[in-house]
Amino acid sequence: MNDIQDPASLTVDANKTQLGAPPSIDPNRTIMSTAPSLNATVTIKPVQCPVCKTFNPAGIMFCIECGLIFDRALPDDVFGAPVVLLPCLVEQSGREHPIRPGTNMVGREGDVMLADPRVSRRHAQIVSSEDGFTVEDLGSTNGSELNGEPLQQGSPKRIEEGDKLSFGGVEVVLSLPGSAGATQVVPSNRTVSTEGPRLEPAVAFLVGGDLRLPLKAGVNSFGRKSENDAQIADPYVSGKHGVIEIADDGVYLTDTGSTNGTLINDAKLAPNQRTKISQDDEIRLGGIVLKVERN
């Protein structure tokens, strides 16, 4: 006769050490975790500039293309994020200086750097807030002007889209995001397409080696990026390297603050200095030698 076991005897003694199943993973063995997600911080990633969208090497503190200081850049603009559009000051050469929220120092040193001897180190300041923009001279040597009117220290003036500012004679214009490419709307609220770009005839050529790039009358930007009037696809050339102006009284070249500089007949140009050149002058960009030929 089989003994019937009391069910109570089958319960686990809470005071008795129980041997469970062996672990499925050896605790002494190194375990490889899964790869980091796209949301994790990875130090080897390049940094994308929120202004010019250039990818910079990891660990760099400022953009190698436009000079934006990354610790002052607007947040939430990384791979795949929407383009950050900032208001900017535009020089006559076409060079843009972004205006960030808060106080922006204008001068040879500061947030808006104007490398011109007429500009003081701390020349003026522009304040960007929810209410708009104001500009104030900071007691500069050569003074500041707003639309031709002198600015006084301690008396900030409001500035609007398209206003012309002069800092010691260096002229810039305030440009707001989207204003240049805004779609025209007629009173009937129907969107109309704007007229397409007109191709202007070439009055000169930038030549050298295999290059023969047409230049129109007026200002022509040149650089590595495709949006320039004359694109020079060379790693030594900056994205927006400089401008060549074909004027009635001659040809002028300006280096707009390129990284590696521009040489005329082996003499390096100062940034933002408008220099008259002749057809015999050699323009050297790294190992590239160019000349301007007029028709």
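# Notebook: rings, strands and cores

I searched the whole structure for aromatic pairs and found zero. The model is predicted, so I read every entry below as a statement about a prediction.

**Rings and charges.** With no ring pairs to list, I looked for charges over rings instead. I found the charged end of Arg212 over the ring of Phe205, at 4.2 Å from the ring centre. I also found the charged end of Arg274 over the ring of Tyr252, here at 3.7 Å from the centre.

**Overall make-up.** I counted 24 strands and zero helices in the protein. Of the 295 residues, 34% are buried. I took the contacts between residues at least 6 apart in sequence and asked what share joins residues at least 24 apart; the share is 34%. The accessible surface came out at about 19000 Å², and carbon and sulfur atoms hold 52% of that surface.

**The six-stranded sheet.** I traced an open sheet of six strands in the order 15-14-24-23-20-21, with antiparallel pairing. Which strands stand at its edges? They are strand 15 (211–215) and strand 21 (267–268); each has a single partner strand, so one side of each has no neighbour in the sheet.

**Strand 14 and its two partners.** I then went through strand 14, residues 204–208. Its pairing with strand 15 is antiparallel and runs over five bridges. The two strands form a hairpin with two residues between them. In that turn I noted Gly209, which has a positive phi of about 60°. Across the hairpin, Phe205 faces Pro214 of strand 15, and Val207 faces Arg212 of strand 15. Arg212 is also the residue whose charged end sits over the ring of Phe205.

Towards strand 24 (residues 288–294), strand 14 pairs over four bridges, again in the antiparallel sense. On that side, Phe205 has Glu293 of strand 24 as its bridge partner.

Are the residues of strand 14 buried or exposed? I found five of its five residues buried. In a regular strand, side chains alternate between the two faces of the sheet. In strand 14, Ala204, Leu206 and Gly208 point one way, while Phe205 and Val207 point the other way.

**The largest nonpolar core.** I looked up the largest nonpolar core and got 20 residues. Those with the most contacts inside this core are Leu206, Leu215, Ile232, Ile244, Leu253, Ile283 and Val292. The elements giving two or more residues to the core are strands 14, 15, 18, 19 (250–255), 23 (283–285) and 24. Strand 24 gives the most, with three residues.

I listed the contacts of Ile232, leaving aside its neighbours within four places in sequence. Among them are Leu206, Leu211, Leu213, Phe222, Val237, Leu285, Ile288 and Leu290. Gly223 and Arg224 are also on the list.

A second, separate core has 18 residues, including Ile99, Val112, Leu146 and Leu151.

**Val243.** I placed Val243 in strand 18, residues 242–247. Its relative accessibility is 6%, so Val243 counts as buried. What does Val243 touch beyond four places in sequence? The contacts are Ser93, Val219, Asn220, Ser221, Phe222, Tyr252, Leu253, Thr254 and Thr256. Tyr252, in this list, is the residue with Arg274 over its ring. For Thr256 I also noted the spacing: Val243 and Thr256 are 13 residues apart in sequence, and their C-alpha atoms are 7.2 Å apart.

**The five-stranded sheet.** I traced another open sheet, of five strands in the order 6-5-7-8-11, and its pairing is mixed. Strand 6 and strand 11 (157–159) are the edges; each has a single partner strand, so one side of each is left without a neighbour in the sheet.

I checked the pairings in turn. Strand 5 (residues 102–107) pairs with strand 7 (residues 124–129) in the antiparallel sense over five bridges. Strand 5 pairs with strand 6 (residues 112–113) in the parallel sense, over two bridges. Val106 has a partner in each: Ala124 stands opposite in strand 7, and Val112 is the bridge partner in strand 6. Val112 is also in the second core.

At the other edge, strand 8 (residues 132–137) and strand 11 run antiparallel and are joined by three bridges. Here I noted Phe133, whose bridge partner in strand 11 is Ile159.

Methods
Residues numbered from 1 in each chain as written. Predicted model: local features only at pLDDT ≥ 70, side-chain atom pairs only at ≥ 80, totals over all residues. Heavy atoms only, no water. Pairing = 2+ DSSP bridges. Phe/Tyr/Trp six-rings, centres within 6.5 Å; stacked < 30°, edge-to-face > 60°. Lys NZ or Arg CZ within 6 Å of the ring centre and 35° of its normal. Buried < 20%, exposed > 50% of the residue type's maximum accessible area, 1.4 Å probe, protein only. Contact = heavy atoms within 4.5 Å. Areas by Shrake-Rupley, 256 points an atom, 1.4 Å probe, with all protein chains shown as cover. Core = buried A, V, L, I, M, F, W, Y, C linked by side-chain atoms within 4.5 Å.
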